[in-house]
Amino acid sequence: MNVLDSFSLKGKVALVVGGTGLYGRQVTSALAEAGASTYVTTRHKDQLQDVKQEFKQDESVDIHALYMDQTKEDTTIKVRDNLLKEHGKIDILVNNAVARVMETGWNSDTAQFSQSMEINATGMYSVTKIIGNVMYEQKSGSIIQMGSMMGMIGPDGWLYDEGLKDSPPDYFFHKGGMVNFTKYVASYYGQSNVRCNCISPGGIESYRTPPEFVERYNTRTMLNRMANDTDIKGIIVFLASDTSAYITGANIPVDGGYTAK
Amino acid sequence: MQMKEMFSLRGKTAVVTGGSGYLGSCMVEAMLAHGANVTVADPAEIPERLFPYKEKGKLYHVRCDVSDTESICNMFERSADNFGQLDILVNNANYGAGYGDTGIDKMSDKVWDIGIDGSVGTAFRCTRESISYLRQNGGGSIVNIASMYGMVSPNPGIYGSSEANNPPNYGAGKSGVIQLTRYCAGHLAKDNIRANSVSPGPFPKPSQEYDQDFQNNLADKTMLKRVGEQHEVAGTIVFLASSASGYVTGVNIAVDGGWTAW
C-alpha cells in the first residue's frame, strides 16, 4: 500500500447511524471527504428530506441519507439490503445514534431507563450484529463506536448551573457499556479481520453552549478548550482506514486531555 | 480543512529516536511520505531504502546515544541547525532490557536500573531537551512509544521453553512511559505541546528467527489472530503527529491486534 494513500477511504462503503447531530455531521463529512461512499441514517422520517438537502450541498462528496430506526430491526435490515444491492459490501459502520431519554436526571421515572436502553443499548447491539455479520462474511470491516468521556468517568456537578440535578444516569451507563461492548465485538469478529474500536469524545461547543459553561469546562481539559466542529474527523478516518489495521478493541479518548488528569 | 491536509506533515520537522530500527524506520518512512523532514537519532546506520531521502536532504541522520544526555543535546542542536525547527518528537529508542540475569528473583540492582533508564529515562531526557526547541516553534507533538507490556504483564506461558521471556524492568519502565506521557500532556499544554503514547503489541522481527510455536502463541493471544507487520505502527504515529489529532492529548493508543483488550 502506498503510504501517502494510507488514510484514503476511496472505494469503501460507510454507514453512519444517526449522522445528523453535532458529532454525526463531522463523522459523515469526514468519511465522505476521505473518499467513502457514505450513507447516513436518521430515525426522523420527517427530517429525511432536510438531511438529504443538507449533505447534497457539497457536490464533491458522495453522501446519501436513509431512514432507519435502530429499535426496528426491519428498518436496519432494509438499509443493509439496500447497501448490499448497490455495492455488494459494507466496509465501515459508525454507531453514532443516541437518544437522550432521562432529561430530568437521577430521579426520573424508572421506566425511562428501560426506554433508553431499548434504543441506546438493545438497538445498538442489533445494528452491530446485523451489519457486523455482513463484515464477518466478507472477512473485512471496521466498526466504530461513538462513546463518550461520560462512559469513562463520573459527572462533575461543578460544571453545571444546577449541579447534578439533570445529569442523565442512563447516558453514563450505556456509554460505559459501549467501551466493553467494543471489546466483545472486537473479540467475536477478530478472527475474521473485522475490527471494532471506540472513540470517547469530550464535550463539543456549539452556538447554543452557554459561555459560562464553556469557561468552566475549559479548565477541566488540558488544552483549555471544548471540542470544535472538526476535532473528531481525523480519528474517524484513521480508525476507518487500513492505516489502523492492527488496532482493535481500543477505546481512544478525544477530549483535550479531560480524562488524563 | 480538507482530509488530505489534515494528515499532512508538510513543513514540519520530526526527530525520531531509534529511527533506524525495525519499527522506527517505518515511522520515519511514513512521516517522510507525508511531507515531514526527519532527523533519525540512532547509533546504527539507516536502512538502505531510506537512502534516497537522505540524498534529497529530507532525512538527516545523527548518531545519537539516548543513554547519554550530552549526545542527546548535541543531536537536537545539529537537527535544529540542519532543519531550522522542531515540531515532532518520537521517543522510540530504548536500550538495556534483556541483559544479564533477567528473572525477578535474581535481577541485580544494576541491571534493574539500566532497564528502567533504557525504557523510560530515555523518553524523559529526550523530552526535557526537546522542550525549548518545541517552544521556539510555538508548540508541537510528542509521541512516546510505550508497549503492551506497559499495560499488561507478559504471560510466562507464552514464552514456553524459548527462554525469550520479557524482563520485569522493561514493562515497569514502559508503564512509566504511559504515565510520563500524561504528565507531559498536562504540563506542556500551555506551550501548545500535545503528548500521547503508542503501545505496540507483538511485532516479532523476522531477523530474530523465533521458533514457530512461540510465533503461534503470540498470534493466538491477539483478537486478530496474527502478529503485527512492520509498517503497522507507522500510521498511528502520523495521526498523532499531524493536526488530525489536534484535540487528542494524554492518551495511550494500543496497536496490538486486541492483545490488551481481553
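Me: Two strands pair if DSSP finds at least two bridges between them; which residue stands opposite Val255(B) in strand 7 of chain B?

Reply: This is a predicted model, in which local features need pLDDT of at least 70 and side-chain atom pairs count only at pLDDT 80 or more, while totals for chains, interfaces and linings use all residues. Residues are numbered from 1 along each chain as its sequence is written, and chains are lettered from A and ligands numbered from 1 in the order in which they are written. Strands (E, at least two residues) and helices (H or I, at least four) are DSSP runs numbered from the N terminus, and four bridges join the parallel strands 6 (residues 193-200) and 7 of chain B. The residue opposite Val255(B) is Pro200(B).

Me: Which strands stand at the edges of the sheet in chain B?

Reply: The seven strands of this open sheet pair in parallel, in the order 3-2-1-4-5-6-7. Each edge strand has a single partner, so one side of it is left without a neighbour in the sheet; these are strand 3 (59-62) and strand 7 of chain B.

Me: Which residues of strand 7 of chain B point the other way from Asn252(B) and Ala254(B)?

Reply: The four named residues of this strand are buried, a term that requires 20 or more other C-beta atoms, placed from the backbone, within 10 Å of the residue's own. Opposite in direction to Asn252(B) and Ala254(B) are Ile253(B) and Val255(B).

Me: How many residues of chain A are in contact with chain B?

Reply: Contact requires C-beta atoms, placed from the backbone, within 7 Å. Chain B contributes 35 residues, and the number from chain A is 39.

Technical notes:
Two residues are in contact if their C-beta atoms, placed from the backbone, lie within 7 Å. A residue is buried if 20 or more other C-beta atoms lie within 10 Å of its own, exposed if 12 or fewer, and partly exposed in between; C-beta atoms are placed from the backbone. Two strands pair if DSSP finds at least two bridges between them.
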